[in-house]
Amino acid sequence: MSSQPSISRFLPEPKTVAIVGCPFRGGQAKLGVDHGPIRLVQAGLPEQLAELGWKVQFDGHHQFEEIDTQNDPPIGKLKNPRLVSRVSQAVAQVVGGHAKKGVLPLTLGGDHSLAMGTISGTLEQYPDACVIWVDAHADINTAETTDSGNLHGMPVSFLLGIGPKIPEFGWVKPALRPERLVYIGLRDIDAGEKRILRENGIRAFSMHEVDKYGIGKVVEMALDHVNPKGDRPIHLSFDVDALDPSVAPSTGTPVRGGLTFREGHYICEAIYETGCLVALDIMEVNPSLADVEAVRQTVAVGCSLARSALGETLL
């Protein structure tokens, strides 16, 4: 594999990536997703990014033990609300700190509730940034629409400022505008989420559109929607369950009929080519949910998605 020369519109040379390892699972109920970042790093991701020409900063995984998990009863249906809020706020500060220094934060999850923090951190430095959310799920439930109460299905609603106000999440500014958000790969959407997407005019490309138009056209349309002039910073938040379970089996909420290996990587490659990427999330790798080979495969895919988003090319 080779890498493209840096064409970043927003990051100074030497191009630097900071790996933000977040071993966190409080936004959902399944054990193991907190081991995802550790396995991605153990698989050699820092060294792989250095081979692509990036200066890599990695000071170890962030530890959240100091954030008190005791006395965290549900708020309505919401599970672990104070823990998720405090951890996400800490992540927002870390990601925002890297962004302010002209460094690209690569956040390794952990569950997708962390995006409440990562995107907040990005928008602190780049208020006009747009978000490309690649996922089988919309993660836009509110405290009113959620069935499970799992906060990994809700970060987007907090970022948009929709749904009931919950004081424990008061730090999350509603800084993301609906027209600056686009989804790719949706195929498992709750009824309440469909209504929210329609009411807010949020553009979403489900697997139906991927099948109909092909991934190249879908990415082109997605970028035209959120970044029509090509001058806005891009935050790419990639949940590995966007990929078909045959590609990334070891994840918490797999849904059949997802993106192929190449479709997932094409999204990353095309966004890198814009020169606008300023932040990247790779989320929901869970090494405890499959056999050894399936786990190895999923970890390898997580690493290769990150490499593709940071400039690795086929030729």
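Asp-139 is found in the loop that runs between β5 and α5. In this predicted model, Asp-139 has a positive phi of about 50°, although it is not a glycine. Because its relative accessible area is 5%, and buried means under 20%, Asp-139 counts as buried.

**The annotated binding site**

Asp-139 is also one of the residues covered by a UniProt annotation, "binding site", which comes from an unreviewed entry; the others are His-112, Asp-135, His-137, Asp-239 and Asp-241. These residues are spread over 130 residues of sequence, yet they cluster in space, with a largest C-alpha distance of 12.2 Å.

Asp-135 is placed in the loop between β5 (130-134) and α5 (155-160). With a relative accessible area of 0%, Asp-135 is buried. Beyond the residues up to four places away in sequence, Asp-135 touches His-112, Ile-184, Gly-185, Leu-186, Asp-239, Asp-241 and Ala-242. The contacts of Asp-135 thus include His-112, Asp-239 and Asp-241, which the UniProt record also lists under "binding site". In addition, the side chain of Asp-135 makes a polar contact with the side chain of Trp-133, at 3.0 Å.

Asp-239 lies in strand β8, which covers residues 234-239. Asp-239 counts as buried, at 3% relative accessibility. Its contacts, not counting residues up to four places away in sequence, are His-112, Val-134, Asp-135, Thr-251, Met-283 and Glu-284. The side chain of Asp-239 also reaches the backbone nitrogen of Asp-241 at 2.8 Å.

Glu-284, one of the residues touched by Asp-239, belongs to the loop between β9 (277-283) and α10 (292-309). Glu-284 has a positive phi of about 70° although it is not a glycine. Glu-284 is buried, with a relative accessible area of 2%.

**Backbone features**

The table lists two cis peptide bonds with their omega values.

| Cis peptide bond | Omega |
|---|---|
| Glu-13 to Pro-14 | about -5° |
| Gly-109 to Gly-110 | near 20° |

Pro-14 lies in the loop between β1 (2-3) and β2 (16-22). Gly-110 is located in the loop between β4 (104-109) and α4 (115-125).

**A buried residue of helix α8**

Val-218 has its place in helix α8, which covers residues 215-226. Val-218 counts as buried, at 0% relative accessibility. Leaving aside neighbours within four places in sequence, Val-218 is in contact with Ile-184, Phe-205, Glu-209, Val-210 and Tyr-213. Ile-184 is also among the residues touched by Asp-135. Val-218 and Ala-300 are 82 residues apart in sequence, and their C-alpha atoms are 25 Å apart in space.

**Internal space**

Rolling a probe the size of a water molecule over the atoms shows where empty space is left. The structure holds one cavity of 30 Å³ or more. About 80 Å³ of space lies in the largest cavity. Its lining consists of 11 residues, and those nearest the centre of the cavity are Ser-8, Leu-11, Trp-54, Tyr-272 and Leu-277. By character, the lining of the largest cavity divides into seven nonpolar residues, three polar and one charged.

Terms used: Residues are numbered from 1 along each chain as its sequence is written. Side-chain values use heavy atoms; hydrogens and water are left out. On a 1 Å grid over the protein atoms alone, a cavity is a set of points where a 1.4 Å probe fits but cannot get out, and a pocket is an open set with protein on both sides within 12 Å along at least five of seven lines; lining residues have an atom within 4 Å of a point. Grid points are joined across faces, edges and corners, and a volume is the space filled by probe spheres set on the points. Ala, Val, Leu, Ile, Met, Phe, Trp, Tyr, Cys and Pro count as nonpolar, Asp, Glu, Lys and Arg as charged, and the others, Gly among them, as polar. UniProt positions are given in the numbering used here, feature names are shortened, and annotations may be inferred rather than shown by experiment. Helices (H or I, at least four residues) and strands (E, at least two) are DSSP runs, numbered from the N terminus. Buried means under 20% relative accessible area, exposed over 50%, partly exposed in between (1.4 Å probe, protein chains only). Contact means heavy atoms within 4.5 Å. A polar contact is a pair of N or O atoms within 3.5 Å; within protein, one must be able to donate a hydrogen and the other to accept it, and residues adjacent in sequence count only if both atoms are side-chain atoms.
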